[in-house]
Amino acid sequence: MMEHTAPVMPIEGSISYTGSPEPVCFRVLGDGEPVGIVWFAGSSQMPDNELLRRLVNSMHTVKLSAVIYAVKSNDITLGNQFLEEMDQKSQYRLLMVGGHSAGGAACLKVAKDCKVDIDAIFTVNSICTDTKLEIPRMYIIGENDNAKPKLKVPKVLEDEYTKLYTIEDSKESFLIASDGDHSLRNCSVPATNEEKDAASISEATLNMNIVVAKRIKKFVKHIDAS
């Protein structure tokens with residue numbers, strides 16, 4: 001299994017679909033003990049992909065210490081194995097599962113069925129939500145994504161790049177990435193492949209992803225304190 005330490009070299013969107021199907025590990029050095037994360041890639045995407053590398057680099061920028069094992073969306077057994085291995089070690093402050101698109105559905109399945117006690121879930125542009133789960137859940141959604149749900153919840157936080165909504169008396173929160181597409185690029189929909197590739201490394205996209213990482217870090221701190 002390939003291992004990388006952040007910051008990592010950005011890659012273009014096409015690599016997400018043509019790279020290796022093998023799992024990959026990203027290590028992010030930051031503040032305090034790391035968060036252990038198992039990440040499920042989007043449908044047909046490879047574990048080492050453009051979106052995840054941007055999130056990894058953004059976590060590095062905001063100093064969110066993490067070890068992330070990424071697998072394909074259908075590798076639920078392997079994801080469970082990584083969670084069990086991390087659970088046996090005392091180095092992780094929290095154990096979380098995350099996923100993009102169809103990988104979000106894998107997250108919820110793992111959270112329900114895994115033998116390990118998972119502390120939280122966060123998904124990116126996944127239409128899968130589950131109000132019956134008793135653990136904190138953050139759903140990150142691009143404003144321009146087709147999967148954006150109809151939200152009727154109070155706005156509690158807002159800045160130039162993101163808006164955070166919560167449901168009162170609930171463990172769910174929804175983070176809307178302003179002008180974000182399905183892969184959290186600052187990009188209109190529809191867009192050509194050339195436009196997507198240009199947007200993937202634009203300053204607006206990088207700034208948006210950094211703010212998303214800051215929100216994830218606050219999410220982790222909130223869980224830590226509870």
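## Helix α4 and its neighbours

In helix α4, the buried residues are G103, G104, A106, C107, L108, V110 and A111. This is a predicted model, so please read every detail below in that light. The buried residues of α4 pack against two kinds of element: the strands β3 (31–40), β5 (94–100) and β6 (120–124), and the helix α3 (76–87).

The length of α4 is easy to check. Helix α4 covers residues 102–113, and at 1.5 Å a residue its 12 residues should span 16 Å; the C-alpha atoms at its ends lie 17 Å apart, which agrees.

## The cavity

How many cavities of 30 Å³ or more does the structure hold? There is 1, and the largest cavity has a volume of about 40 Å³.

Its lining is made up of P10, I11, E50, R53, R54, N57, S200 and I201. Helix α2 (residues 50–61) gives the largest share of that lining, with 4 residues. Sorted by class, the residues lining the largest cavity are 3 nonpolar, 2 polar and 3 charged.

## A look at K214

Now let's turn to a lysine. K214 sits in helix α6, which runs over residues 203–225. Is K214 buried, exposed or partly exposed? Its relative accessibility is 45%, so K214 counts as partly exposed; buried would need a value under 20%, and exposed one over 50%.

K214 also has a partner from elsewhere in the sequence to look at: K63 is 151 residues away along the chain, yet the C-alpha atoms of K214 and K63 are separated by 9.0 Å.

Methods:
Residues numbered from 1 in each chain as written. Predicted model: local features only at pLDDT ≥ 70, side-chain atom pairs only at ≥ 80, totals over all residues. Heavy atoms only, no water. Buried < 20%, exposed > 50% of the residue type's maximum accessible area, 1.4 Å probe, protein only. 1 Å grid on protein atoms, 1.4 Å probe; cavity = no way out; pocket = protein on both sides within 12 Å on 5 of 7 lines; lining within 4 Å. Points joined across faces, edges and corners; volume = space filled by probe spheres on them. Nonpolar A, V, L, I, M, F, W, Y, C, P; charged D, E, K, R; others polar. Expected span 1.5 Å × (residues − 1). Contact = heavy atoms within 4.5 Å.
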